[in-house]
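Welcome to a short set of exercises, each with a worked solution. Keep the viewer open and try each task before reading on.

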Amino acid sequence: MTTRILTGITTTGTPHLGNYAGAIRPAIVASRDPQADSFYFLADYHALIKCDDPARIQRSRLEIAATWLACGLDADKATFYRQSDIPEIPELTWLLTCVSAKGLLNRAHAYKASVDKNVEAGEDPDAGVTMGLYSYPVLMAADILMFNAHKVPVGRDQIQHVEMARDIGQRFNHLFGNGKELFTLPEVVIEEDVATLPGLDGRKMSKSYDNTIPLFGSAKQLKDAVARIVTDSRAPGEPKDPDNSHLFTLYQAFSTHEQEAAFRAELLGGLAWGEAKQRLFELLDNELGEARERYHALITRPADLEDILLAGAAKARRIATPFLGELREAVGLRSFREQVQVASEGKKKAAKAARFVSFREDDGFRFRLLDAAGEQLLLSIAFADGKAAGQVTKRLQSEELDLHAELNAFSVRLDGEAVAYSPEFSTDTERDAAMQRLREALAPQE
Ligand code: TRP
């Protein structure tokens, strides 16, 4: 069985070397595993929560899309899309919002941090807090639950969000699943041995510390950034301590074991820092050179990137659209047209609704007939379009039923052709009882 791995990348910045080593490179390696079914997407709705600069949002989406493809993500194998191209996601967000406890969201770290900061500053606790920030975890739960992801690789700061997705999914299953797991409950994956790279000043490489090395700047920009790496003041010829040098840590993240051993020996032997920087620059330039060319080629063809992402969205929606249909059904947002009344036993009991549920699959449109308890009575053959399926459901409700026992199941025919089948039963008696229930369910109302 394949494992569905899903993760989102918030589109507010330009990828740097730390993002590459910590997230992009391992994710692309993971997506090549034949057992993996990877869903990687640009979390651009999340980006809107943090950023109100349209130009920056647009630039970042383009840069991040080009970066992942340039680094070798195979968009035919993985499903690579923009969150904002999947309208089912905001729709699911609302369904989930309606079952998410406010108390749960009150505990979200990001929201709490804003409140604490406000309180400390003597401001209103919710000053500057938008509903977007507050509901951030629900949108993220929709991203994850929409595709029934098994595993969600994220940084430590996102663990709580994945746990909330589990909580919300579980609650929805409990309320609307009828004993069935509508949503797969996701598991968080923290890659323990993935490199957190130090930045120029030795602290974690991060945009907020302004200590990053750009991933796909020009060779000159790369060289300039490497030149700004802070080192100690040991002179050329003096032995350097590799284990206390973040320049060495950066080198390690990209070198083979032999390269690493050789560099260590050179540093211990008194290699000048200037030389050491030149070594690191060459290593990085080598590792990134080809990808950088691909990146610049992609960036100059935004229309091609658009096509790739739209194809990814179409692929994702082949899952999201029918699944959201099921979820709408589950919460009670159902078509009136497909509703039929079960004949009541005796006239006193209120009639219970059996219902037709239509859905789309790869081979066409089908419908199910469910009894009042949600038990399946019939599953139709595939029809070319929704209209053809609808006509059949209409005729089944108005014409004499033509049922045929077939081994341990039965079919329903129209004009002599089977249009729907019952589930399989273990005995003839059960089968015959089901035929009777179906007749009652579809009997015209007086
Ligand atoms: N919130 C994540 C981050 O900032 C990005 C993200 C959005 C995400 N939706 C997701 C990650 C779903 C994993 C799964 O890093």
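**Exercise 1.** Is Ser206 buried or exposed?

*Solution.* A word before the steps: this is a predicted model.
- Begin with the location: Ser206 sits in the loop that runs between strand 5 (187-189) and helix 9.
- Next, take the relative accessible area of Ser206, which is 15%.
- The cut-off for buried is under 20%, so Ser206 is buried.
- To see what surrounds it, skip the neighbours within four places in sequence; Ser206 is then in contact with His16, Asn211 and Thr212.

**Exercise 2.** Work out how Arg279 is classed by accessibility, and list its contacts.

*Solution.*
- Find Arg279 in helix 12.
- Its relative accessibility is 26%. Buried needs under 20% and exposed over 50%, so Arg279 counts as partly exposed.
- Leaving out neighbours within four places in sequence, the contacts of Arg279 are Tyr251, Phe263, Glu266 and Leu271.
- For a sense of scale, pick Met131: it is 148 residues from Arg279 in sequence, and their C-alpha atoms are 49 Å apart.

**Exercise 3.** Describe the largest nonpolar core and decide where it lies relative to the domains.

*Solution.*
- Start with the domain assignment: domain 1 (3-192 + 302-308), domain 2 (216-298) and domain 3 (334-441).
- Now count the core: the largest one has 50 residues, and Leu17, Trp68, Phe80, Ile213 and Phe254 have the most contacts inside it.
- Look at which elements contribute. Those supplying at least two residues each include helix 1 (17-31), strand 2 (36-43), helix 3 (54-70) and helix 13 (302-331).
- Helix 12 gives the largest share, 10 residues.
- Because domain 1 and domain 2 both give residues to this core, it lies between them.
- Zoom in on Leu17: beyond four places in sequence, it touches Leu197, Met205, Ile213, Leu215, Phe254, Leu284 and Leu288.
- Finally, note a second, separate core of 44 residues, with Phe39, Ile89, Tyr111 and Ala142 among them.

As background, nonpolar side chains in soluble globular proteins tend to be buried together.

**Exercise 4.** Which residues are closest to the ligand, and how much of its accessible area does the protein cover?

*Solution.*
- The ligand is surrounded by 15 residues, and the closest are Gly8, Thr10, Tyr136, Asp143 and Gln158.
- Check the polar pairs one at a time. In Tyr136, a side-chain N or O atom is 2.5 Å from a nitrogen atom of the ligand.
- For Asp143, the distance from a side-chain N or O atom to a nitrogen atom of the ligand is 2.7 Å.
- Thr10 has a polar side-chain atom 3.2 Å from an oxygen atom of the ligand.
- On its own the ligand has 370 Å² of accessible area, and the protein covers 90% of that.
- To finish, assign the shell to elements: strand 1 (3-10), strand 2, helix 2 (44-50) and helix 7 (131-146) each give two or more residues.

**Exercise 5.** Locate Ala434 and determine whether it is buried or exposed.

*Solution.*
- Ala434 belongs to helix 15 (residues 428-442).
- With 4% relative accessibility, Ala434 counts as buried.
- Setting aside residues up to four places away in sequence, Ala434 touches Phe410 and Phe425.
- Compare a position elsewhere in the chain: Arg318 is 116 residues from Ala434 along the chain, and their C-alpha atoms are separated by 33 Å.
- On the domain scale, the C-alpha centres of domain 1 and domain 3 lie 40 Å apart.

Conventions. Residues numbered from 1 in each chain as written. Predicted model: local features only at pLDDT ≥ 70, side-chain atom pairs only at ≥ 80, totals over all residues. Heavy atoms only, no water. Domains from an automatic or database assignment. Core = buried A, V, L, I, M, F, W, Y, C linked by side-chain atoms within 4.5 Å. Buried < 20%, exposed > 50% of the residue type's maximum accessible area, 1.4 Å probe, protein only. Helix = DSSP H or I, 4+ residues; strand = E, 2+ residues; numbered from the N terminus. Contact = heavy atoms within 4.5 Å. Near = heavy atom within 4 Å. Polar contact = N/O pair within 3.5 Å; in protein donor to acceptor, adjacent residues only side chain to side chain. Areas by Shrake-Rupley, 256 points an atom, 1.4 Å probe, with all protein chains shown as cover.
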